[in-house]
Amino acid sequence: MYRFVPQKKRSVLRVKLGVAAYCLLRYFAWIRYRRFFVSSKKLSQDELLKGFKYTAFEHSVPLRRNLSEADTALQEGKIANLEIAVKKVSGIKLESGKTFSYWRLIGNPTAKKGYKKGMMLVNGHPTAAIGGGLCALSNLIYWMTLHTPLTVAERFRHSYDVFPDSNRTQPFGSGATCVYNYRDLMIQNKTTDTYALKIWIDHEKGLLCGKWLKDSPVTDSYEVYQKEHWITSEIGGVYVRHNTIWRKHFCEKQFLDDEYVTENHAIMMYESLLESREKTK
């Protein structure tokens, strides 16, 4: 059962030492188990067209939100950051038995690599940071993966729910937060098929687009949905939003199973509606 625990205040030094330790452990894992990770070598457009003729799932998300003029530069920085990161992951081949690691492919998003200041959420508050905005890419890849037979081996939920549901097109908690390099998004291919990832930015329509492609006909499909949702009032007047994500699995359009995916718990950064506080199913 979920229990809300207020975040402990730690010194800057302790936080830095903790982050450094987690980063070192992740580097060690990447080196020790490198044979299990996908190659950074990209497939050409011609190779994608010839070898991966079937689309397992595709999706697109808006690049921009309705922000103030002061945030325009951060929006442009986000798009510039996504353009760099997309080139690192688009065209990768995920063979049977291999694992996709978001950060292992993208690397550390630093200013030296061309990354700019973009919008990043720190403790639920928008902050300007180098490499900000890359969560849009991890969110997209995670959502697409949930609609395929691929296995999500590691994913971190967002700790804060920043935007209300008025413009939400996917269930709350259907994204994946990313912090270099210890909060990663890792996807395993436990099937016998080979997949390829294609990501691109449609500047004309203002969309971040993606596809999981497959080398054989697609037989499985999924309907991802929110089964349970409730809001609780916690210590200090904090409201926490909860839900469970499930997916219906179909094969050749025949229902097979209703599968549990994950549960989410996030501090709400906007005012809770009274009628939403009751648990619904």
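Modeller: A residue counts as buried under 20% relative accessible area, as exposed over 50%, and as partly exposed in between (1.4 Å probe, protein chains only). This is a predicted model, in which local features need pLDDT of at least 70 and side-chain atom pairs count only at pLDDT 80 or more, while totals for chains, interfaces and linings use all residues. Residues are numbered from 1 along each chain as its sequence is written, and side-chain values use heavy atoms, with hydrogens and water left out.

Biologist: Why is Glu 95 given the class that it has?

Modeller: The relative accessibility of Glu 95 is 33%, which lies between the two limits, so Glu 95 is called partly exposed. Lys 93 also has a relative accessible area of 33% and is therefore partly exposed.

Biologist: What makes Glu 95 and Lys 93 a salt bridge?

Modeller: The term requires a side-chain nitrogen of Lys or Arg within 4 Å of a carboxyl oxygen of Asp or Glu. In the pair of Glu 95 and Lys 93, the closest N and O atoms are 3.7 Å apart, so the condition is met. Side chains of opposite charge can pair when their charged atoms come close.

Biologist: How many salt bridges does a search of the whole structure find?

Modeller: The search finds eight. One of them joins Asp 184 and Arg 26, with 3.8 Å from N to O. Asp 184 lies in the loop between strand S7 (160-161) and strand S8 (186-188), and Arg 26 lies in helix H1 (residues 12-32), so the pair ties together parts that are 158 residues apart in sequence. Helices (H or I, at least four residues) and strands (E, at least two) are DSSP runs, numbered from the N terminus. Both Asp 184 and Arg 26 are buried, and a network of salt bridges links Arg 26, Glu 154 and Asp 184.

Biologist: Which residue forms a salt bridge with Glu 259?

Modeller: Arg 247 does, with the closest N and O atoms 2.8 Å apart. Glu 259 is in strand S13 (residues 254-268) and Arg 247 in strand S12 (residues 239-251), so this pair ties together parts that are twelve residues apart in sequence. Arg 247 has a relative accessible area of 12%, and is therefore buried.

Biologist: Is Ser 101 buried or exposed?

Modeller: Ser 101, found in strand S3 (residues 99-101), has a relative accessible area of 1% and is therefore buried. Beyond its neighbours within four places in sequence, Ser 101 is in contact (heavy atoms within 4.5 Å) with Trp 30, Phe 37, Asp 184, Leu 185 and Met 186.

Biologist: What makes the pair of Ser 101 and Asp 184 a polar contact?

Modeller: A polar contact is a pair of N or O atoms within 3.5 Å; within protein, one must be able to donate a hydrogen and the other to accept it, and residues adjacent in sequence count only if both atoms are side-chain atoms. The side chains of Ser 101 and Asp 184 are joined at 2.5 Å, so the distance satisfies the limit.

Biologist: How do you know that the length of helix H3 agrees with what it should span?

Modeller: The expected span is 1.5 Å times one less than the number of residues. Helix H3 (residues 72-89) has 18 residues and should span 26 Å; its end C-alpha atoms are 26 Å apart, so the two agree. The buried residues of H3 include Leu 74, Ile 79 and Val 86.

Biologist: Why are strands S9 and S10 said to pair?

Modeller: Pairing requires that DSSP find at least two bridges between two strands. S9 and S10 (residues 207-214) have eight bridges, in the antiparallel sense, so they pair.
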